[in-house]
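This report sets out selected features of one protein chain. It begins with a definition and then turns to the fold, helix packing and charged side chains.

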Amino acid sequence: LEVAPPAAARRNGPNATHTSRFNLLTWIPKSLYQQFHRMANLYFVLVAILACTPLWRGSPESKVMTVLFVLLSQALKDGYEDLKRRWDDREENTRLSSLYIPNLQSFEDLPWKSCTVGDVLLIRR
């Protein structure tokens with residue numbers, strides 16, 4: 001059996017899976033951006049802003065603190081879920097697969113993220 005992957009297949013790069021949406025720098029801005037696509041959040045931010053103006057009687061602290069609590073708790077939840085996605089990606093990318101080496105006529109175990117297009121793999125159940 002002689003297997004030679006096409007030259008273009010080696011240029012495609014690794015097979016690593018990345019489903020996380022954030023990194024440490026983009027977590028808060030992207031989370032807030034997604035939250036402000038919800039009309040309810042926009043409404044409550046508008047109410048909190050109006051509560052800080054002289055048009056509103058009473059103290060604005062309760063409205064502002066409520067909105068901040070909701071936005072912060074949602075951002076923390078988004079961050080936690082993204083961290084779980086990152087852990088799952090790492091587990092999937094380090095899972096071993098058996099790659100056929102034509103020169104040696106044998107299989108070698110390597111991480112899934114190292115497989116590329118054109119590799120011959122042994123699939124086990």
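Helices and strands are taken here as DSSP runs, of at least four residues for a helix and at least two for a strand, numbered from the N terminus. The model is a predicted one. By this definition, Arg-85 and Asp-82 both belong to helix H3, where 3 residues, about one turn of the helix, separate them.

**Overall architecture**

The chain contains 3 helices and 3 strands. Along the sequence, these elements follow the order α-α-α-β-β-β. The chain has 125 residues, of which 22% count as buried. Among contacts with a separation of 6 or more, 51% are between residues 24 or more positions apart.

**Packing of H1 on H3**

Helix H1 spans residues 27-35 and helix H3 spans residues 61-93; their axes come within 10 Å and cross at roughly 115°. The crossing of H1 and H3 is right-handed. On the H1 side, the contact is made by Trp-27, Ile-28, Ser-31, Leu-32, Gln-34 and Gln-35. These meet Val-70, Leu-71, Gln-74, Ala-75, Leu-76, Asp-78 and Gly-79 of H3. Sorted by class, the contact of H1 with H3 comprises 7 nonpolar, 5 polar and 1 charged residues.

**Salt bridges**

The whole structure holds 4 salt bridges. Three of them are described in the table, including the exposure class of each partner.

| Pair | Closest N to O | Exposure of the Arg | Exposure of the acidic partner |
|---|---|---|---|
| Arg-85 and Asp-82 | 2.9 Å | Arg-85, partly exposed, 24% | Asp-82, buried, 4% |
| Arg-86 and Asp-82 | 4.0 Å | Arg-86, partly exposed, 31% | Asp-82, buried, 4% |
| Arg-95 and Glu-92 | 3.0 Å | Arg-95, partly exposed, 44% | Glu-92, partly exposed, 30% |

Shared partners join Asp-82, Arg-85 and Arg-86 into one network of salt bridges. Arg-86 and Asp-82 also both lie in helix H3, 4 residues apart, which is again about one turn of the helix. Asp-82 counts as buried because its relative accessibility is 4%, below the 20% limit for that class. Arg-85, at 24% relative accessibility, is classed as partly exposed, and so is Arg-86, with a relative accessible area of 31%.

**A buried acid without a salt bridge**

Which side chain of opposite charge is nearest to Asp-89, and how far away is it? Asp-89 is found in helix H3. The nearest such side chain is that of Arg-86, at 7.1 Å, and Asp-89 is buried yet has no salt bridge. The distance to Arg-86 does not qualify, because a salt bridge requires a side-chain nitrogen of Lys or Arg within 4 Å of a carboxyl oxygen of Asp or Glu. Leaving aside residues up to four places away in sequence, Asp-89 touches Thr-17, His-18, Thr-19 and Ser-20.

**A positive phi in a loop**

Gln-105 is not a glycine, although its phi is positive, at about 50°. Gln-105 sits in the loop between strand E1, residues 96-101, and strand E2, residues 106-111. With a relative accessible area of 57%, Gln-105 is exposed, because that class begins over 50%.

Key:
Residues numbered from 1 in each chain as written. Predicted model: local features only at pLDDT ≥ 70, side-chain atom pairs only at ≥ 80, totals over all residues. Heavy atoms only, no water. Buried < 20%, exposed > 50% of the residue type's maximum accessible area, 1.4 Å probe, protein only. Axes fitted to C-alpha atoms, helices over the stretch in contact; angles between N-to-C directions. Left-handed = near helix turned anticlockwise from the far one by under 90°. Contact = heavy atoms within 4.5 Å. Nonpolar A, V, L, I, M, F, W, Y, C, P; charged D, E, K, R; others polar. Lys, Arg positive; Asp, Glu negative; His and termini not counted.
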